[in-house]
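Here is a look at the cysteines and the packing inside this protein. Have the sequence and the model side by side as you read.

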Amino acid sequence: ITSQIVLCTRFFPCQLQLAGSPGGGVLARQTSGSIKCSAQDGCSWVWLQDVEVRCVDSSPAAHPPFELVSALLVVNRARFLSCRSATDGGAVLCFGGSGAALRVSNSLFEMTWSAGVGGALAAVGCFAQVSGTAFEGCNATEGGGAIAVGRFMCYGEAHQGIAAVVATDCRFENCNAGDSGGAILVDNAVASLSLISSLSTSSASTPASLVLSGSSVSGCSSQASGGAIALRNGATGNISDTTFTSNSAFEQGGAISLESHSTATVARVMLTHNHLQGSGGGGAIAALDSLIYLESVSASSNVAASGGGGALFWKGREPFWSDGSSYAFNSSDNGTVSATTTSRGASASQDWQTPDASASLGSLKRVNWTVHGLQFDFEGFSDGTRTFPRLRRLRGVDNNGSESTAWQRIGSGAAALAEIEARLCGTGNLASYGPCVASSYATLITSGMPLLVYPGLTFQVEVTKKDYYNQTITIDSASTIQTAAQTSANSQLTTDKSVSISGEYIGILFQGTV
């Protein structure tokens with residue numbers, strides 16, 4: 001292929017099937033060769049099997065080899081080798097509304113490159129399913145060294161596509177991103193693609209999301225956040241049964257980064273030898289103004305040499321933890337609602353009789369009980385004498401009859417730190433402060449402030465910043481204390497120019513005798 005092929009002509013719908021013999025055929029791409037399948041042109045799907053897509057030019061092409069617009073691409077037992085694109089998606093770009101989908105299985109993406117996002121795959125307003133597939137040496141100038149997921153919405157679309165990627169049994173090795181997400185970037189912001197920048201866009205109702213399970217990510221890197229995985233701008237993620245090894249980032253999260261009100265559940269995951277090179281936080285995981293749920297996570301030999309939290313760093317929202325405890329609601333035809341909790345093999349239950357239709361419900365309150373020291377609480381309505389539960393789990397998802405994980409916040413201070421270390425951290429985690437877990441600034445402690453000071457006499461004040469676990473934050477050595485003075489000629493406090501120490505952080509003393 002030496003130029004772009006746009007499938008379908010005139011008013012006839014079409015599909016394309018490319019199948020090689022067992023062992024594989026070869027589809028050679030030169031210059032700007034690509035295949036475009038757009039639902040607007042009547043193309044519904046492209047099927048690729050037992051084919052090696054070999055890109056022979058070293059310079060980036062104007063388009064990736066395959067471009068889908070509200071259409072389906074199915075790839076099985078294929079290999080994409082050395083494909084380079086001047087836009088998003090080094091090998092495949094899938095975008096659009098309803099009908100945009102990508103299914104990849106048992107394939108290999110090797111040394112693919114994108115000048116935008118998604119070194120191998122870019123799914124924008126597109127639902128991508130990837131299984132049994134390897135990504136080796138994939139690179140993106142922007143985010144998502146191997147895969148990038150983002151939202152896309154055109155005004156006038158009746159049904160919007162789902163921006164999500166579900167990756168199972170996959171392997172990511174030595175992928176790199178110039179922005180966030182060395183292997184995968186999931187960005188809930190509306191995508192801005194060079195190819196479709198002229199189209200009107202607005203926010204979609206469903207957040208971009210990631211499901212990653214049974215996979216491995218190793219040797220990947222990001223010049224920003226999330227050496228392996230980055231979720232940002234309200235994205236959601238579920239990461240389970242996956243290993244992260246020897247990944248690195250410059251800003252935060254050597255392996256996994258959550259930013260800007262994103263949410264992720266991380267369960268049965270192992271993180272080893274991940275590294276944060278900058279002064280941010282989280283040698284393995286960073287959650288900044290985001291919500292993270294952790295269950296059976298093991299972290300060893302992760303490093304945040306110039307930041308906090310060798311294994312985990314968080315800011316703004318305290319993480320939730322689970323030790324495998326669960327609960328379930330059940331309602332019966334006679335109006336009885338029962339809740340059962342299980343913790344470490346022990347169970348407890350509580351029943352309520354649902355109110356009559358005429359019952360006047362009072363204020364909302366919480367009911368709780370304890371099993372093996374773990375407290376379970378549920379929202380309920382009260383009519384003054386009885387409490388009736390709302391069939392909702394702690395994280396706000398309806399639950400009736402199905403078992404759900406019980407999450408809890410562990411709290412602050414040294415005791416909470418010891419419990420988190422026992423749950424999360426193995427050996428060898430290192431950081432400037434908080435070798436296992438650390439948070440951003442929580443409290444400020446001052447000492448040595450004299451009751452009276454006199455002109456011409458020096459004095460010393462020690463100021464210490466502590467995190468949520470009462471660990472000293474040691475990365476603010478260049479902090480500045482700047483004084484304000486009141487002169488006889490002017491009753492207003494003004495900066496005392498004679499007392500100033502340059503630095504990155506500034507604390508201003510406004511009151512007292514100083």
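## Free cysteines

Cys220 is buried, with just 1% of relative accessible area; buried here means under 20%, exposed over 50%, and partly exposed in between, using a 1.4 Å probe and protein chains only. Does its sulfur sit bonded or too far for a bond? The closest cysteine sulfur is in Cys175, at 4.4 Å from the sulfur of Cys220, and that is too far for a bond. The cut-off for a disulfide is a pair of cysteine sulfur atoms within 2.5 Å.

Cys138 tells a similar story. Its closest cysteine sulfur is also the one in Cys175, 4.4 Å off, again too far for a bond. With 0% relative accessibility, Cys138 counts as buried.

A word on the source: this is a predicted model, where local features need pLDDT of at least 70, side-chain atom pairs count only at pLDDT 80 or more, and totals for chains, interfaces and linings use all residues. Residues are numbered from 1 along each chain as its sequence is written, and side-chain values use heavy atoms, with hydrogens and water left out.

## DisulfidesHow many disulfides are there by this rule? The count comes to 5, and with bonded cysteines counted along the chain, the pattern reads 1-2, 3-4, 5-6, 7-8, 9-10. One of them joins Cys8 to Cys14, with an S to S distance of 1.9 Å. The torsion about that S-S bond is about -105°, so the Cys8 and Cys14 disulfide is left-handed. Both of these cysteines are buried. Another links Cys37 to Cys43, S to S 1.9 Å; its torsion is about -100°, so this disulfide is left-handed. Cys37 and Cys43 are both buried.

Then there is the pair Cys425 and Cys436, whose sulfur atoms are 2.0 Å apart. Here the torsion is about 85°, so the disulfide is right-handed. Cys425 lies in the loop between helix 1 and strand 48 (430-433), while Cys436 lies in the loop between strand 48 and strand 49 (437-439), so the bond ties together parts that are 11 residues apart in sequence. Helices (H or I, at least four residues) and strands (E, at least two) are DSSP runs, numbered from the N terminus. Cys425 and Cys436 are both buried.

## Ser221 and its surroundings

Ser221 is found in strand 26 (residues 221-222). Is Ser221 buried or exposed? At a relative accessible area of 17%, Ser221 is buried. Its side chain makes a polar contact of 2.5 Å with the side chain of Asn176. A polar contact is a pair of N or O atoms within 3.5 Å; within protein, one must be able to donate a hydrogen and the other to accept it, and residues adjacent in sequence count only if both atoms are side-chain atoms.

Setting aside neighbours within four places in sequence, Ser221 is in contact (heavy atoms within 4.5 Å) with Cys175, Asn176, Ala177, Gly182, Gly227 and Ser248.

## Nonpolar cores

The largest nonpolar core has 85 residues, and those with the most contacts inside it are Phe66, Phe80, Phe135, Phe172, Ile229, Phe244 and Leu424. Helix 1 (residues 413-424) gives the most to this core, with 4 residues. By nonpolar core I mean a set of buried Ala, Val, Leu, Ile, Met, Phe, Trp, Tyr and Cys residues joined through side-chain atoms within 4.5 Å.

What does Phe135 touch, leaving aside its neighbours within four places in sequence? Its contacts include Phe109, Ala120, Leu121, Val130, Ala146 and Ile147, and also Arg171, Phe172, Glu173 and Cys175. A second, separate core of 6 residues includes Val69, Ala122, Val124 and Phe152.
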